[in-house]
Amino acid sequence: MRKLVISMAVVFLLSGCGQGKAPSADPAVLENTIVQYNRLLAEGYRTLNMNPLAQVATEERATKAYYHMAALGEERKRMEAKQRTIAFVKTKILSPVQVEIKTREEWDYRHINIDSNKMESQSSIVYELTYSLIKKNDKWLVSDIAIEKEENIKK
């Protein structure tokens with residue numbers, strides 16, 4: 001009997017407290033988390049400091065960005081990234097603490113030589129991405145990003 005009651009409680013919670021719909025999260029908060037992540041990521045590449053990324057990303061995600069930035073630094077390069085557009089395509093709520101959001105984004109990149117401060121290369125790319133967000137301590141954090149499609153665009 002106790003197992004039945006617990007099972008029913010779990011079904012009740014997962015079904016949106018008995019309303020027959022999936023648990024919800026405020027879309028504006030989720031989208032703002034991604035916008036802030038992208039802003040802090042671009043700033044981190046520009047300043048060679050990914051520490052502020054911890055405000056909106058899991059430690060694992062921020063560490064991946066740091067390793068990429070460090071690899072560029074070993075080549076004596078820093079990246080300047082500018083997001084031109086972002087469109088939120090689809091939000092999928094997986095649980096009360098896990099969400100996936102698909103976006104379409106346009107970015108411009110410049111690679112700058114750290115020693116001479118001269119531009120070495122530039123590109124523009126359109127991405128279709130899937131962000132995984134998790135909720136920790138009542139705050140949404142970017143935990144992973146999957147590139148679904150990537151296309152260089154000519155200017």
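**Entry 1. The largest pocket**

I began with the lining of the largest pocket, whose residues divide into 15 nonpolar, two polar and four charged. I note at the outset that the model is predicted.

I then looked up the volume of the largest pocket, which is about 490 Å³. The lining is made up of 21 residues, and I recorded those closest to the centre of the pocket as Leu41, Tyr45, Tyr109, Tyr127 and Ile147. Next I asked which elements give two or more residues to this lining. They are H2, helix H3 (59-74), strand S1 (77-95), strand S2 (98-113), S3 and strand S4 (139-152). Helix H2 gives the most to the lining, with five residues.

**Entry 2. The overall plan**

I stepped back to the whole protein. The secondary structure comes to three helices and four strands. Along the sequence, I read the pattern as α-α-α-β-β-β-β. How many residues does the protein have, and what percentage of them is buried? I found 155 residues, of which 34% are buried.

**Entry 3. How the strands pair**

I followed the strands in order. S1 and S2 run antiparallel and are joined by 16 bridges. One facing position that I noted is glutamine 83, which stands opposite tryptophan 107 in S2. The hairpin that joins S1 to S2 passes through two residues.

S2 and S3 also run antiparallel, with 15 bridges between them. Here tyrosine 109 stands opposite serine 123 in S3. I had already met Tyr109 among the residues closest to the centre of the largest pocket. The hairpin of S2 and S3 has five residues between the strands, and asparagine 117 in the turn has a positive phi of about 65°.

S3 and S4 pair in the antiparallel sense over twelve bridges. I noted leucine 141 in S4 as the bridge partner of isoleucine 134. This hairpin has two residues between its strands, and asparagine 137 takes a positive phi near 50°.

As a reminder to myself, side chains in a regular strand alternate between the two faces of the sheet.

**Entry 4. Two polar residues of strand S2**

I looked up aspartate 108, which lies in strand S2. Is aspartate 108 buried or exposed? I recorded aspartate 108 as buried, because its relative accessibility of 16% is under the cut-off of 20%. Its side chain is joined to that of serine 124 by a polar contact of 2.5 Å.

Asparagine 113 is also found in strand S2. The relative accessibility of asparagine 113 is 15%, so I entered this residue as buried. A polar atom of the asparagine 113 side chain lies 2.7 Å from the backbone nitrogen of aspartate 115.

**Entry 5. Aromatic pairs**

I turned to the aromatic rings, where the count comes to three pairs. One of them is formed by tyrosine 37 and tyrosine 131, with 6.4 Å centre to centre and 80° between the planes. I classed this pair as edge-to-face, because its angle of 80° is over 60 degrees. Which parts of the chain does the pair link? Tyrosine 37 is in helix H2 and tyrosine 131 is in strand S3 (residues 119-136), so distant parts of the chain are linked, 94 residues apart. Both tyrosine 37 and tyrosine 131 are buried.

Another pair is that of tyrosine 66 and tyrosine 67, which is tilted, with 6.0 Å centre to centre and 55° between the planes. Tyrosine 66 counts as partly exposed because its relative accessibility is 42%. Tyrosine 67, with a relative accessible area of 55%, is exposed, the cut-off being over 50%.

**Entry 6. Glutamate 31**

My last look was at glutamate 31, placed in helix H2 (residues 27-47). I entered glutamate 31 as partly exposed because its relative accessibility is 29%. How far is the C-alpha atom of glutamate 31 from that of threonine 91? I found a separation of 9.6 Å, although the two residues are 60 residues apart along the chain.

Key:
Residues are numbered from 1 along each chain as its sequence is written. This is a predicted model: local features need pLDDT of at least 70, side-chain atom pairs count only at pLDDT 80 or more; totals for chains, interfaces and linings use all residues. Side-chain values use heavy atoms; hydrogens and water are left out. Buried means under 20% relative accessible area, exposed over 50%, partly exposed in between (1.4 Å probe, protein chains only). Rings of Phe, Tyr and Trp (its six-membered ring) pair if their centres lie within 6.5 Å; planes under 30 degrees apart count as stacked, over 60 as edge-to-face and the rest as tilted. On a 1 Å grid over the protein atoms alone, a cavity is a set of points where a 1.4 Å probe fits but cannot get out, and a pocket is an open set with protein on both sides within 12 Å along at least five of seven lines; lining residues have an atom within 4 Å of a point. Grid points are joined across faces, edges and corners, and a volume is the space filled by probe spheres set on the points. Ala, Val, Leu, Ile, Met, Phe, Trp, Tyr, Cys and Pro count as nonpolar, Asp, Glu, Lys and Arg as charged, and the others, Gly among them, as polar. A polar contact is a pair of N or O atoms within 3.5 Å; within protein, one must be able to donate a hydrogen and the other to accept it, and residues adjacent in sequence count only if both atoms are side-chain atoms. Two strands pair if DSSP finds at least two bridges between them.
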